[in-house]
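Visitor: I am new to this structure and would like a close look at one part of it. Could you take me through the salt bridges, one after another?

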Amino acid sequence: MTEDELREIEDRAAKATPGPWELSYGIGGRLFLMQDPDVGGGAARIDAKYEDAEFAAHARADVDALVAEVRFLLALLRKVLSATLVPLGDGTWETTLESLLVEAKHEKDMARLLAHLREVGVVKEGTE
């Protein structure tokens, strides 16, 4: 995904009706996509099966969360790629992660960083 594509997704999300959205049944069992009444309370009828309507209702929050995660992972990737590589003498290299861990601004960022690094095998389980 390019930066332009990511920015276009963010622009579309920013222009969409604020969430959270939820599903509601109206007269005759019709599905309605409802905006939270605390932020405006609009509604739109959806002629779709329940699973599709549920997907649409969650898209508002899911897109924002996914874009934030992509941004986080791209920043992490840039840091990992620019981290210092240390030769171990056996033909392998080790990435020093201290600078990455120090840069994690909050405990939540630290936990996310460690989780992602464990997933890709950079950090072994049990490392804190």
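Guide: What follows is a walk through the salt bridges and the residues that form them. The model is a predicted one, and a search of the whole structure finds five salt bridges. A good place to begin is helix α1, which spans residues 3-15 and holds both Asp-4 and Arg-7, three residues apart, or about one turn of the helix. The side chains of these two residues meet in a salt bridge, with N to O at 3.0 Å. Asp-4 counts as partly exposed, at 48% relative accessibility, and Arg-7 is likewise partly exposed, with a relative accessible area of 38%.

Further along, the side chains of Glu-10 and Arg-71 meet in another salt bridge, at 2.7 Å from N to O. This pair links distant parts of the chain, since Glu-10 lies in helix α1 while Arg-71 lies in helix α2 (residues 50-82), 61 residues apart. Glu-10 is partly exposed at 28%, and Arg-71 is partly exposed at 26% relative accessibility. The residues described so far belong together, for Glu-3, Asp-4, Arg-7, Glu-10 and Arg-71 are linked in a network of salt bridges.

Helix α2 also holds Arg-60 and Asp-64, which are four residues apart and therefore separated by about one helical turn. These two residues form a salt bridge in which the closest N and O atoms are 2.9 Å apart. Here the partners fall into separate classes: Arg-60 is buried, because its relative accessible area of 10% is under the 20% cut-off, whereas Asp-64 counts as partly exposed at 39%.

Notes
Residues numbered from 1 in each chain as written. Predicted model: local features only at pLDDT ≥ 70, side-chain atom pairs only at ≥ 80, totals over all residues. Heavy atoms only, no water. Salt bridge = Lys/Arg side-chain N within 4 Å of Asp/Glu carboxyl O. Helix = DSSP H or I, 4+ residues; strand = E, 2+ residues; numbered from the N terminus. Buried < 20%, exposed > 50% of the residue type's maximum accessible area, 1.4 Å probe, protein only.
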